[in-house]
Amino acid sequence: AENAAMTIAGDEDVTFANDLHLASDSAVLSFGADSEITLTHVADTGLLLKHASGSDDAAPTFTLQTGDTDIASNDLLGAIQFQAPDEGTGTDAVLVAAGIDAISEGDFSSSSNATRLRFLTASSETASEKMSLSSAGLLTVSGRIITDDTTEATSTTDGSLQTDGGLSVAKDV
């Protein structure tokens with residue numbers, strides 16, 4: 001079919017026993033009783049996830065959920081990884097090249113879900129943490145921070161780099 005579509009509606013579970021193959025370059029999967037969520041194949045590009053409502057804040061949400069019932073410190077809550085597994089040169093080229101992970105910062109409880117985001121990149125290796133953002137808002141970078149902005153500082157609230165606190169420098173400024 002030119003515009004192949006499949007709709008999943010209602011409270012029933014839908015199970016596919018064999019591979020599902022929609023052989024259209026514009027195949028659409030619609031979800032919900034009024035098909036408000038769609039997943040569309042765009043030829044030679046990828047997939048589009050859309051919330052069809054035109055009202056404010058009706059953006060699609062993609063949630064990664066763990067089934068772990070006892071989150072402890074350093075548990076992985078979810079990950080997005082980027083890889084080129086079919087790269088012909090093999091070895092390092094087929095390893096995970098980048099990723100974003102959500103890692104628990106402690107045991108979860110009724111009053112705590114502290115989590116940090118890890119940003120991973122690779123250079124002749126499996127991607128490893130190069131930057132993280134903690135639940136307290138602390139940004140940690142393992143390399144240099146480079147800004148190419150040339151804004152002159154004329155006060156304490158402008159310029160290319162600003163801090164509202166002290167500055168600790170181990171080497172020359």
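**Exercise 1. Which residue forms a salt bridge with E129, and how far apart are the closest N and O atoms?**

Start with the ground rules. This is a predicted model, in which local features need pLDDT of at least 70, side-chain atom pairs count only at pLDDT 80 or more, and totals for chains, interfaces and linings use all residues. Residues are numbered from 1 along each chain as its sequence is written, and side-chain values use heavy atoms, with hydrogens and water left out.

Step 1. Fix the term. A salt bridge puts a side-chain nitrogen of Lys or Arg within 4 Å of a carboxyl oxygen of Asp or Glu.

Step 2. Find the partner. E129 forms a salt bridge with R118, and the closest N and O atoms are 3.7 Å apart.

Step 3. Place the two residues. E129 is in strand β8 and R118 is in strand β7, so this pair links distant parts of the chain, eleven residues apart. Strands here are DSSP runs (E, at least two residues), numbered from the N terminus; helices are runs of H or I with at least four.

Step 4. Check the exposure of E129. Its relative accessibility is 32%, so E129 counts as partly exposed. The scale is this: buried is under 20% relative accessible area, exposed is over 50%, and partly exposed is in between (1.4 Å probe, protein chains only).

**Exercise 2. Work out the salt-bridge network around R118.**

Step 1. Take the other acid. D101 forms a salt bridge with R118, with 2.5 Å between the closest N and O atoms.

Step 2. Place this pair. D101 lies in strand β6 (residues 96-104) and R118 in strand β7, so the bridge ties together parts that are 17 residues apart in sequence. D101 and R118 are both buried.

Step 3. Add R116. R116 also lies in strand β7. Its side chain joins that of E129 by a polar contact of 2.9 Å. Such a contact is a pair of N or O atoms within 3.5 Å; within protein, one must be able to donate a hydrogen and the other to accept it, and residues adjacent in sequence count only if both atoms are side-chain atoms.

Step 4. Join the parts. D101, R116, R118 and E129 form a network of salt bridges.

**Exercise 3. Find the salt bridge of K130 and describe its exposure.**

Step 1. Name the partner. K130 and E125 meet through their side chains in a salt bridge of 3.1 Å, N to O.

Step 2. Read the exposure. K130 is at 26% relative accessibility and therefore counts as partly exposed. E125 is at 28%, so it too counts as partly exposed.

Step 3. Note the total. The whole structure has four salt bridges.

**Exercise 4. Describe the chain as a whole.**

Step 1. Count the elements. The protein chain has zero helices and nine strands.

Step 2. Judge the confidence. pLDDT is the predictor's confidence in each residue, from 0 to 100. The chain's mean is 87, and 86% of its residues reach 70 or more. Strand β1 (residues 5-8) is lowest, at a mean of 59, while strand β7 (residues 115-121) is highest, at 98.

Step 3. Look at burial. Of the 173 residues, 16% count as buried.

Step 4. Place L133. L133 is found in strand β8 (residues 128-133). With a relative accessible area of 35%, L133 is partly exposed.
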